[in-house]
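Here are some notes to read alongside the model, written as numbered points. I hope they help as you find your way around it.

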Amino acid sequence: KMSQASTVTPGELTVIGAAGGAIEVTIMQPLVSIKNALQEGRTVPTKIGHLYRGLAMNIVSMAPITASQFGANRFLTSVVLKKEEKDMNISERFFSASMAGAFSALIASPSELIIIQQQKSGRALAEETSHILRTYGLSKVTRGLLPCMGREAIYACGYLGIMPILQAMLTKQGLSPETSLLIGGVTGGVFASVCSHPFDTTKTRMQAFITERPEYRSMSSTVQALREEGGSSIFFKGLVPRMSRIVAATFILSYVRNTCIETIDESRRTKDV
């Protein structure tokens, strides 16, 4: 079904991405809370209410993050590269996916700073946002942006690059669509989580301690402080819950994206007949 030229626009994919992001984060929020607690070195929450603390902000942030990734990826593909997805080579897929991911960090980074601070304090969303602006000022809202851009670029490469590339290759070699989807999804998810996790750990420490820890003043100083604290292994704290979430997210987002594209395209072709 995806072999014909798709009629879905970047704007429509932006809306699809928003829906996919909201669905994914609602399902996977407990793993986000566990991951953040492990990275910050605080007690892992066990009550369901605590695990879902910050869900509203996560939905508010994740919907536009995946919306921007879906939309920017389609824009780069169709407008900048002037190609259909099926005609793109591997480097072009990685280029459009990574650029879309890095762009989405402009939304992800400030949103996650509020979420992390809210999980620590227990304050309501509006109260926490007001507290951050009043206490630290607007300039601190961009704290952790650089590692977040690195993380999102790699993450988007996982589900917008590796997964569809591998899925197409395996299907062409004779594997069933279901097996190809499974291998592609797990591989893309594991790649995205393992390779991006050091960026995520660095970002989380920077955002968890806005001014309390001067050694976290920049990305480079945070990396140095973390290395001195626990060596290379400290950068992979919280990897298991995050990997579980990303592998699941790879399937959820890809399913929502492909299903919506196929449904819209099929509906338009039927009308044209």
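1. Let's begin where α1 meets α4: on the α1 side, Q29, S33, N36 and E40 are in contact with I116, Q119 and K120 of α4. Sorted by class, this contact is made of 1 nonpolar, 4 polar and 2 charged residues. Please keep in mind throughout that this is a predicted model.

2. How do the axes of α1 and α4 cross? The axes come within 11 Å, with a crossing angle of roughly 80 degrees, α4 being the helix of residues 90-121. Angles of 65 to 115 degrees count as roughly perpendicular, and therefore α1 and α4 are described that way.

3. Now look at α1 against α7, the helix of residues 177-208. Their axes come within 10 Å and cross at roughly 75 degrees, so this pair is also described as roughly perpendicular. From α1, the residues K35, N36, Q39 and E40 take part, and they meet H197, D200, T201, T204, R205 and A208 of α7. The class count for this contact is 1 nonpolar, 5 polar and 4 charged residues. You will notice that N36 and E40 are listed in the contact with α4 and again in the contact with α7.

4. Which residues touch the most other members of the largest nonpolar core? They are L13, I16, F70, Y155 and Y159, in a core of 16 residues. Three helices each supply at least two residues of this core: α1 (10-40), α6 (145-172) and α9 (239-272). As general background, nonpolar side chains in soluble globular proteins tend to be buried together.

5. L13 deserves a closer look. Leaving out residues up to four places away in sequence, L13 touches V8, F70, G71, R74, R257 and I261. Among these partners, F70 is itself one of the core residues named above.

6. There is also a second, separate core of 9 residues, which includes A208, V223, L226 and F235. A208 is one you have met already, in the contact of α7 with α1.

7. Is L226 buried or exposed? The relative accessible area of L226 is 0%, and buried means under 20%, so L226 is buried. L226 sits in helix α8 (residues 219-230). Beyond its neighbours within four places in sequence, L226 is in contact with T201, T202, R205, Y216, G231, I234 and F235. T201 and R205 also appear on the α7 side of the contact with α1. For a sense of distance, the C-alpha atoms of L226 and M163 are 31 Å apart, with their positions 63 residues apart along the chain.

8. A225 is likewise placed in helix α8. With a relative accessible area of 15%, A225 is buried. Outside its neighbours within four places in sequence, A225 is in contact with E215 and Y216. T202 lies 23 residues from A225 along the chain, and their C-alpha atoms are separated by 9.8 Å.

9. F251 belongs to helix α9. F251 has a relative accessible area of 24%, so it counts as partly exposed. Apart from neighbours within four places in sequence, the contacts of F251 are M163, L181, L182, G185 and V186. F251 and S233 are 18 residues apart in sequence, yet their C-alpha atoms are 28 Å apart in space.

10. Does the length of α3 match what its residue count leads you to expect, or differ from it? Helix α3 (residues 55-80) has 26 residues and should span 38 Å at 1.5 Å a residue; the end C-alpha atoms are 35 Å apart, so the two agree.

11. K82 comes just after α3, in the loop between α3 and α4. Although K82 is not a glycine, it has a positive phi of about 55 degrees. K82 is exposed, with a relative accessible area of 67%.

12. Last, K140 is in the loop between α5 (125-136) and α6. K140 has 28% relative accessibility, so it counts as partly exposed. Setting aside residues up to four places away in sequence, K140 touches L113, I210 and T211. The C-alpha atoms of K140 and V256 are separated by 35 Å, and the two residues are 116 residues apart along the chain.

Notes
Residues numbered from 1 in each chain as written. Predicted model: local features only at pLDDT ≥ 70, side-chain atom pairs only at ≥ 80, totals over all residues. Heavy atoms only, no water. Core = buried A, V, L, I, M, F, W, Y, C linked by side-chain atoms within 4.5 Å. Buried < 20%, exposed > 50% of the residue type's maximum accessible area, 1.4 Å probe, protein only. Helix = DSSP H or I, 4+ residues; strand = E, 2+ residues; numbered from the N terminus. Contact = heavy atoms within 4.5 Å. Axes fitted to C-alpha atoms, helices over the stretch in contact; angles between N-to-C directions. Parallel < 35°, antiparallel > 145°, perpendicular 65-115°, else oblique. Nonpolar A, V, L, I, M, F, W, Y, C, P; charged D, E, K, R; others polar. Expected span 1.5 Å × (residues − 1).
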